[in-house]
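Work through the exercises below with the sequence and model at hand. Try each task before reading its solution.

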Amino acid sequence: MSNKQEFLQSVRESLKKRTKTEYPKIPTYEKENVDLKSLFEINLKLAAVNFYDVSSVEEAQKIMQEKLSDTKVVCSATDEWKGNKDINKIARPQDLADVDLGIFRAEFGVAEMGMVWVTEKSLKVNAIGFLSQHLAVLLDPADITENMHTAYNTPGLFDVNYGCFVMGPSATADIGAVLVRGAQGAKSLTLFFLKK
């Protein structure tokens with residue numbers, strides 16, 4: 001028996017004798033008396049997100065019409081807000097390249113970071129979150145979790161093929177230290193707190 005085989009055999013024998021231990025419990029680092037919505041709003045501002053409390057989709061639509069009066073192509077991944085481009089008829093992701101305003105409902109928000117979690121369920125076509133010139137996101141204030149530790153404990157988080165955290169509009173300051181919005185994605189992100 002070679003040295004390699006002897007070594008592997010000793011490892012196999014040792015594995016039979018081991019006692020199983022449970023994975024360590026990872027704390028969620030939650031703080032007492034945190035107003036999640038207020039913390040979320042502070043971090044939304046840092047991420048250059050405009051946000052509004054609205055009581056209806058119509059109110060949100062009016063705000064977006066005032067902000068983006070020259071918007072022509074509106075595509076929505078939520079049945080709550082109708083667009084003039086039907087996302088259910090999109091055959092290829094690049095068919096969303098002409099979208100001025102993309103709309104979806106986030107699955108939850110993370111207060112610590114000012115970001116939202118979206119999946120193929122909420123986007124329907126993943127490219128809507130990246131090819132749209134501007135984004136409008138609906139979020140139920142009850143769906144805000146405190147931090148990344150609590151976010152990763154959200155039931156069903158990993159039961160999807162695609163999911164990502166979205167935090168503010170696209171931005172870069174690499175060239176000449178000049179901040180450019182919309183360099184790799186949306187130029188603006190507007191979040192509406194709206195109950196489901």
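**Exercise 1. Contacts and burial**

Find what share of the chain's contacts between residues at least 6 apart in sequence join residues at least 24 apart.

Solution. Start with the ground rules. This is a predicted model: local features need pLDDT of at least 70, side-chain atom pairs count only at pLDDT 80 or more, and totals for chains, interfaces and linings use all residues. Residues are numbered from 1 along each chain as its sequence is written, and side-chain values use heavy atoms, with hydrogens and water left out.

Next, list the contacts (heavy atoms within 4.5 Å). Keep pairs at least 6 apart in sequence; 73% of these join residues at least 24 apart.

Then check burial (under 20% relative accessible area, 1.4 Å probe, protein chains only). Of the 196 residues in the chain, 41% are buried.

**Exercise 2. Overall dimensions**

Set the chain's radius of gyration against that of a compact globule of 196 residues.

Solution. Take the radius over C-alpha atoms; the globule rule is 2.2 Å times the number of residues to the power 0.38. The rule gives a value near 16 Å, but the chain has 22 Å. Now add the spans: the C-alpha trace covers about 80 × 45 × 40 Å along its principal axes.

**Exercise 3. The sheet**

Work out the strand order of the open sheet and its edges.

Solution. Count elements as DSSP runs (helices H or I, at least four residues; strands E, at least two), numbered from the N terminus. The chain has six helices and twelve strands.

Pair strands that share at least two DSSP bridges. Six strands line up as S1-S12-S7-S4-S2-S3, with parallel pairing. S1 (50-53) and S3 (85-86) each have a single partner strand, so one side of each lacks a neighbour in the sheet.

Finally, inspect one pair. S1 runs parallel to S12 (residues 188-193), joined by four bridges. Aspartate 53 has phenylalanine 193 as its bridge partner in S12.

Conventions: Buried < 20%, exposed > 50% of the residue type's maximum accessible area, 1.4 Å probe, protein only.
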